[in-house]
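Please look over the sequence and the structure below, and then use the briefing that follows as a guide to the chains, the places where they touch and a few of their helices.

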Amino acid sequence: MTFALPALDWWAIAPMLVLVLTGCATLVAELVRGDDAGRAPLAWLTVAGASVSGGIALGQWDDPARLAFSDMVSSDRFTLFFTVLFLVVTCVTVLFAFEQLRREDFHPGEFYPLLAFSTIGMVLMAAAADLVITFIGVELLSICLYILVGFSRRRREPEESAIKYLLLGSFASAFLLYGIALVYGSTGTTSLACVGRALGAPGGLVGACEGAVATGSVATGMLLAGIGLLVVGLGFKAALVPFHSWAPDVYEGAPTAITAFMSVGVKAAAFAALLRVFLVAFPTLAPDWSVLLAVVATVTMVTGNTVALFQRNIKRMLGYSSIAHAGYLLVAIVAASHAGAASLLFYAVGYAAMNLGAFAIVVVLGRAGEERVAISDYAGLSQRQPLLAALMATFMFALAGVPPTVGFVGKFYVFSAAVDAGYVWLALAGLASSVASAYYYLRVVYQMYMVDPKEVVASHSPHRWVSLVATVAGFAVIALGVFPGGIIGVATASTSFVR
Amino acid sequence: MEFLIFSAVAAIAIAAGLLMVLQRNAMYSALFLVVVFFCLAVIYILLGAYFLAVVQVAVYAGAIMVLMLFVIMLLNVAWPEPDDRVLGLLRPLGATAAVTFAMLMAWALAGTPGLPSPLPGTSLPVGAAMTLGRVGEAQAGHVQEVAVTLFSKYLLPFELVSILLLAAILGASVLARKRPDHA
Amino acid sequence: MNGIFGLDGRTWDIILAIITASIKAFVIVNGLLLAFAYMTLSERKVLGRMQARYGPNRAGPWGILQPIADGIKLAFKEDVTPRQANRWIHLLAPCLALVPALIIFAVIPLGPEMEVFGVPWTWHVARVNVAYLYAAAIASVGVYGIVLAGWASNSKYALLGGLRASAQVISYELAQGLAAMTAIVMAGSLDLYEIVNQQVASGLPYALYLPFGLVAFVVYVIAGVAEANRAPFDLAEAEGELGAGFHTEYSGFKWSMFFMAEYVNMINISALASVLFLGGWWPIPTDAPGVVQALGPVVFLVKIALFMFMFIWLRATLPRLRFDRLMSLGWKVLLPVALVNLIGTATVVALWPLGTWPFAN
């Protein structure tokens, strides 16, 4: 039997390799330095690794799109776009966690490597050219998150969150795997492009499809069942509505840094995977699945926004708000068009800016053992810390979708893509629910500006880095809202594989 | 002959699977799951995948389930009677969902045009038939075939799984660490 | 044999194969049980000599009827099941311990394949291309017997004994598997027959493939002693601490099934060690003339007997380890040694052509 190594295209996976090295280096560094050594070096090591990785990704922008490692991963602009986005989210999470690690007395030696590894999982989900890689990416991400969610061993709630996430997450992984098995059973291949070709999709980057069935001879019933299961599996990670029940509890119990990471990074990764799978493998079946996803999107938007109205805890409120935003992002996939895909990428960036900003404020206001997460804790913030209050107000307006912020522009692109695809009712449902969402976002603003502070709270340590994140995010939210052209151009270039 | 063995084993697997779900005693559930694993191993043998069959027994039955039994024994939980107000509603709901799902899958698979399969009187989904076809031609199930596929076509996933395992080990060490006193 | 009873040749071949295999299986199972019986006798006699006493010598000449007397006693002894015990699992556990032990031997090639009066004859029940993995997988199933016995007895000593035993078996399985992998990498096959054949053909058993073969052999034997729960690794039944470990609450025939399982496992481990590292029927050539070939199984059995003697010798010589020492020996010494050893072996095999060994001669 002959054995031939596949072409080892290291450069194509270089950003991931750097992350692997970063994770291992952090592990070894902690081992060498011992527990009591300062935490800062490990954080900076992680940020440095992520920066190098991001730099490589930016440097690859003009490389030709290609499949690497026996058609397992695709190295194209879509991958690079999400890689850079994920790395930014990871760096911000490190900065958030840096404050929290000090407060909660965490062991940094496991925290940073797990964060780096979960970032690899996210990159894999975006880069996957094969369902096997999608699955490994999801699992790598999930297993790291199960631990990170329960990382605070000082209190009980995080452990409850972690076990909930673990149980439901493993269940969802089983669905995903079952879906992959059925897709393989009906098409004879797990490669996304080969599945697409078997279904009669026009070319693109297709590798060697040995074993795949001929175009047109696909077992449709089984395939549709497989697609349905894939929606369940990936929808769980994206917290789409029938599969969202874990999200608020987990978001509330996890360390705030991880909540921010999950609500932005994991969500974006899940949507990157959904986009890849549905628009590379199943574009020809769009009439079948887009109705299903449209219904899911509507339910997600309405449920997320409605339940968020009743939340008293800001992390829970942001949790439900992130469910609603998952609905908006799903609308972009329902459109199943190039414009829709580009709007998803744009919205992901905008959402990252506004949500990370909001979480930065939550982190700044927190203290050891006392996270100050009730919405009433924000009463009178404008009098105590006017800059923070102004930033928070910006993020709330952006999340509600008020112009001239990025929230407005993002929703505009997403909904117009849906209208172009003939889903006027979906766009209207999205609009109506986002109008309703203004109520709970603006309630935070109301508390900050219209209500007198209940108690005099001593000012906290300044949290330089997190404040910087908040400021940059606030700037980005406005800048992207006023000048969306640049990112939209990049997003359009990144999704050229969608027809 | 093969068909008879297959039917018997499949029936046992389904029965054990049902019993596993329906048991209240976690220990019995675990044991029925082991039975299911063995039935799967037999089916792998029927498909000519000896390596997979043996690994199925060694890894799932021999290692993972033993650890599960360990956990069950160490916790030795007196399983609390579930709250009937909650379960009373959830049980029929869950059962309905399961039956619906099973019927849906049956419908999806029944509508599948199968290729002629080596088992008389049955037809296999395309993917499975394809795999079987390759069994005949290249003696799949041979360790060598598995190894070559693993280290050529699936090299990247294989290496990525090692990162996954590293992450899992890290996680285990986090969980095993002594909890600081509750503040 | 075409056409008999309207069955074609292929069907007849299958039926014939099934009948042959059944007879062989019957002989092997009974042989193992007989070997178990006399193993207990010889253990008592050897231990006796080592401790300057006689051992059993009353039943029959030199005490050779002692095992039969013991067997009758055990079979008729009252079978007690504790009232709070889980009756079914209490019954299932000894079966789960004994059956895997008995069926492992099916894949062990006792001697070279040969022809007797023109009819092909093999000394094993089945030749499987993943034979070693089969043996390892079935052996790992045997752990269930111990775990369940400990749990079902509803006794704290049994539970602790069961936990200890299964933790020990699982831990040492790793080192044992890695050590076995050394031989497998050297042979380039998981087929036990092929592994023996390679050693016989190269003229040297793998234990003499210095240095890696010898290290692997030593690791394998140490791990094997632990796998069999034998002294000095018999913590599961440390009578001073645990009563009698996982089988505290067993008596009569069910207890004797555990007893059998332990000894049959020792035989299996010895047989596997002989196959993997001592070259099975080496130095008898595989393709020798028929009469010489028939000596193969004899050589093999002698090797097994030497291992069994070693098991007894160890028991008479070494004191029991403490449990934490036992675990750290497994995880911190044997496992890393076996791993490094395997990497070394793989390097040599990758650099030199298969079947040659640079330091052998």
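In this predicted model, chain A and chain C are not joined by any contact, and their closest C-alpha atoms lie 13 Å apart. Two pairs of chains do touch, and of these the pair formed by chains A and B has the most contacts. The points below take up the side of chain C that touches chain B, then chain B itself, and then helices in chains C and A.

**Where chain C touches chain B**
- The contact between these chains involves 18 residues of chain C and 16 residues of chain B.
- On the side of chain C that touches chain B, at least two residues come from each of α4 (131-141), α5 (143-152) and α6 (156-187) of chain C, and α4(C) gives the largest share, with six residues.
- Sorted by class, this side of chain C consists of 15 nonpolar and three polar residues, with no charged residues.

**Chain B as a whole**
- Chain B contains seven helices and two strands, and read from the N terminus its elements follow the order α-α-α-α-β-β-α-α-α.
- Chain B has 183 residues, of which 22% count as buried.
- Among the contacts in chain B with a separation of 6 or more, 45% are between residues 24 or more positions apart.

**A pair of helices in chain C**
- Helix α6(C) meets helix α13 (residues 323-351) of chain C, where the two axes come within 9 Å and cross at roughly 15°, an angle that makes α6(C) roughly parallel to α13(C).
- The crossing of α6(C) with α13(C) is left-handed, and the contact between these helices has 19 nonpolar, six polar and one charged residues.

**Helix α16 in chain A**
- Helix α16 of chain A covers residues 406-420, and its 15 residues reach 21 Å from the first C-alpha to the last, which is close to the 21 Å expected at 1.5 Å a residue.
- Buried residues of α16(A) include A:V406, A:G407, A:V409, A:G410 and A:K411 in the earlier part of the list, together with A:Y413, A:V414, A:F415, A:A417 and A:A418.
- The buried residues of α16(A) pack against several helices of chain A, namely α12 (314-334), α13 (338-365), α15 (386-400), α17 (424-450) and α18 (464-482).
- After α16(A) comes A:G422, which has a positive phi near 95°.

Technical notes:
Residues numbered from 1 in each chain as written. Chains lettered and ligands numbered in written order. Predicted model: local features only at pLDDT ≥ 70, side-chain atom pairs only at ≥ 80, totals over all residues. Helix = DSSP H or I, 4+ residues; strand = E, 2+ residues; numbered from the N terminus. Buried ≥ 20, exposed ≤ 12 C-beta atoms within 10 Å, placed from the backbone. Contact = placed C-beta atoms within 7 Å. Nonpolar A, V, L, I, M, F, W, Y, C, P; charged D, E, K, R; others polar. Axes fitted to C-alpha atoms, helices over the stretch in contact; angles between N-to-C directions. Parallel < 35°, antiparallel > 145°, perpendicular 65-115°, else oblique. Left-handed = near helix turned anticlockwise from the far one by under 90°. Expected span 1.5 Å × (residues − 1).
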